[in-house]
Amino acid sequence: MLEAEAEKSWHAKTVDEVVAKLGTDPVRGLSNEEAAKRLKIYGYNELEKAPKPSALKIFLKQFANILIGLLLAALVISAFFGEVIDSLVIGVIVFFVAVVGFFQEYRAEKTLEALKKMLTPVVTVVREGRDMEVPSKELVPGDVVILSTGTKVPADMRVIEAFNLQTNEAPLTGESTPVQKTTIPMPENVGIGDRLNMAYAGTIVTYGRGKGIVVATGSRTEFGKIATATSALAEEKTPLEIRMDEIGKRFAVFAGVIIAAIFVVELLRELLAGFLSLSFLVEVFLFAVALAVAIVPEALPGIVTATLAIGMGIMAKRNALVRRMPAVETLGSTQVICFDKTGTLTMNQMTVRQLFIDGKFMDVDSFRNLDRGADMFVKACVLCNDASVVVENGKPVVHGDPTEGALVLFARELGVDVDAMRKTYPRVYEVPFTSERKLMTTFHSMEDGEVYGFMKGAVETVLPKCAYVWDGSGSRPNGEEVRKIILNAAEEMAKNAYRVLAVAYRRGFVENKFEEEGFVFLGLVGMMDPPRPEAYEAVKKAREAGIRTVMVTGDHRLTALAVAKEVGIYREGDLVLTGEEVERLSDEEFDRIVERVVVYARISPMHKLRIVEAWKRKGYVVAMTGDGVNDAPALKKADIGVAMGITGTDVAKESSDMVLADDNFATIVKAVELGRWIYGNVRKYLVYLLEANLVETIVIAGVALVIAELLGLKGEDALPLLPVHILYINLATDGLPAIALGFSPPDPDIMKRKPTPRNEPVFNREVVNLLLTIVTVATPLYLIGYLTALSEGVEQARTRLFLMFIANELVLALNCRSLVYTNFEARPHKWLWLAIAWEIGLITAILTVPGGASLLRLTTPSTGDLFWIFGGAAFVYTSVELSKVIRRRGLRLITE
């Protein structure tokens, strides 16, 4: 049995001792079989999680709100006083509401659970002698993990290989200064912060690269001992949920006032008339409870949460993994998308197309015919390179940076055995690439025993470090004239949208003196990464939606401009800025031109932060993409931080609001569209729920408080609807159509409207206008329909009013399919039709099945009732649909 978990002094052991103790191999790693065995012993590499709510718990939770509690109290009281039918109906309705709520919440929970699995981070390990990606939770003691800049250390590990490896241990020690890592043993009694050969879970690799052997996982790591369980999807109330809570509270206050008024008025009326009875008090209490259910939209916050959660699941299926629920709302308001070019707008499949060597342009075929210089050029491309190419499903797949991958593919195309070359000329030292340096240098031991240096990077950073230039037969001094020729060649290549890299070499390095100077310039490599086919349409769609698209890239200005023109981002009159030009601008100067800049070239991560800040100062809602460690500040500052799922570092992903599983610009635009759709459906649900509550409250309270007094109605006759009627309308009739509205397709012009302003209230002009139209049209209709039926008896009038409410609720669900377009322009979907058909079938069955009508204390509707029911529904439906047409034409006249 392994003793990994009991060992406390890994830092004091040599690498060989650690390897022996853990029974692993630093070169081949563990076998898959051994890793599986250890996973059973040590468990998953994750902190203990809070137990998931069971299906039963979710169901019982549906009864844990005030209004359902009141209904249960009403059920008990009515049963106690012999109102068996009322109590039975209330019980059935409450159970139905609980079942609907359960399925809605259960589905939301499952959606979020699936999303969390999709967001599980992966880590590169060595198993069975090859690099592979595995979920970080499947790491076990003895695994050999590859560490690189931007990696979040997934478990406690002993460092066995370090090339300028530095980690930020602030999450563990509180010290933000990067710690240089080493492989040598440390004294046994040193503290955690001084264990320079250990990399701890939760810390970040800020520089360099290396390898480590896992020594502790999960809750047994140093971080696990002090951390509480956290999740990538933190439970937080969204701004929309908060607003819905506030709306609910206001309606609750309103309900309290109305209910108290009705209760007091009815009580005084009966006392003065001398008809007060216990049974009537019970009836008034039940009426008050039912009216509270009618007024207070108690399900609103829950429906909003479920809609957003399910929306997150839909987005995940479209490759947009939303990490924070509020981002779904914000996406719909996005006004500016700042995005990287490479891999996001383009295919991320770089290929070498053109070279410039010895003052001449050539393609790959011409390069094959070079007599001298080709060998050193290829060595520079292969050795100063961290990418690898493996064959998967018969196709070469690049692992690593796409630009470096293009150089490896270039060498493979020439017949070079890349792995053999790297083994023959091992790397002894390196100065890694950073976005600030814009170059990379590696040093290798050659066959003759000398150490050669190979350099690649941006032309403007490599050329100053070159004292000589290769001329086909040897090297000559790098003079001003030569530099001018090379720079002009680079510019010419960039004009053709090639990504240009300079390569150089130098021989004769002395150990521990690895200077980046005195190199021999070998030539230029021009690579092309063509735009994705879907990028053209996505840019067009974003422009139509009123979204500004801004390309941010580290590429050459001319390369960036060529791609921007091709896909339609750049138009005549737009501006292009380089990082250097951004640095020279003050904030005030930048603010004046930021709205005109559509392309940024040669940009560093800190420039991204300035770009985001400038747009936000102008009041825009900004999305920014990023993949590197240094992109984290910009991702956090943006309203929507978008990390790359394929090329993104752990730091970038954790700083983001959304992760693109396919690194595709078109996915961002699609996510914005989905955000608008989800938020739009929440508004539809809101209108549908509130119009029903408002109209019911006005009609029922108006009759109970005013009309009953004028007509001299006493006792139960003063109530226009009985409690069971109100509960049926609100809990049985409204429920399914409201849920169906949450799945309505988007309006036809959803991506042709301007983005929703950041601070626009939920009750915007569309919502308010539609609510006013419905209340204005429906309220008089209900009152007149009820009053004209009183001559036939109170029960007949109640039956008419009850069925009018149901019919109108169902046609209003059709009206709410779109708040702007008619049903001919935005057709109701099948789920809405099914919900309406179910409700019609249910009420028809109640009225026709023997004893059903008496169960709800209804009578058989007369011909006159049917005229009011169907005619009234048709009138309301037509009025609301016509109001949409009138408002849209009026708005069009105003804008014209």
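This report describes the overall composition of a predicted model and a selection of its salt bridges.

## Overall composition

The protein has 896 residues, 54% of which count as buried. Its secondary structure comprises 32 helices and 26 strands.

Contacts in the protein between residues at least 6 apart in sequence include a 72% share that joins residues at least 24 apart. The accessible surface amounts to about 38500 Å². Carbon and sulfur atoms contribute 58% of that surface.

## Salt bridges as a set

The count of salt bridges in the model is 37. A network of these interactions links Glu161, Arg209, Asp386, Arg427 and Glu430. Three individual pairs are described in turn below.

## Lysine 379 and aspartate 375

Lysine 379 is joined to aspartate 375 by a salt bridge in which the closest N and O atoms are 3.2 Å apart. Both residues belong to helix H13, which covers residues 374–383. Their positions in the helix are four residues apart, or about one turn.

The two partners fall into separate accessibility classes. Lysine 379 has a relative accessibility of 10% and therefore counts as buried, since the class requires a value under 20%. Aspartate 375, with a relative accessible area of 48%, is partly exposed, because the exposed class begins over 50%.

## Lysine 884 and glutamate 881

A salt bridge also connects the side chains of lysine 884 and glutamate 881, with an N to O distance of 2.9 Å. Helix H32, spanning residues 863–895, contains both members of the pair. Because lysine 884 and glutamate 881 are three residues apart in this helix, about one helical turn separates them. Both lysine 884 and glutamate 881 are buried.

## Aspartate 471 and arginine 476

In the third pair, aspartate 471 forms a salt bridge with arginine 476. The closest N and O atoms of aspartate 471 and arginine 476 lie 3.8 Å apart, and the pair therefore satisfies the salt-bridge cut-off of 4 Å.

How accessible are the two residues, aspartate 471 and arginine 476? Aspartate 471 has a relative accessibility of 23% and counts as partly exposed, because the buried class is restricted to values under 20%. Arginine 476 is likewise partly exposed, its relative accessible area being 36%.

Conventions:
Residues are numbered from 1 along each chain as its sequence is written. This is a predicted model: local features need pLDDT of at least 70, side-chain atom pairs count only at pLDDT 80 or more; totals for chains, interfaces and linings use all residues. Side-chain values use heavy atoms; hydrogens and water are left out. Helices (H or I, at least four residues) and strands (E, at least two) are DSSP runs, numbered from the N terminus. Buried means under 20% relative accessible area, exposed over 50%, partly exposed in between (1.4 Å probe, protein chains only). Contact means heavy atoms within 4.5 Å. Accessible areas come from the Shrake-Rupley method with a 1.4 Å probe; for residues, only the protein chains shown count as cover.
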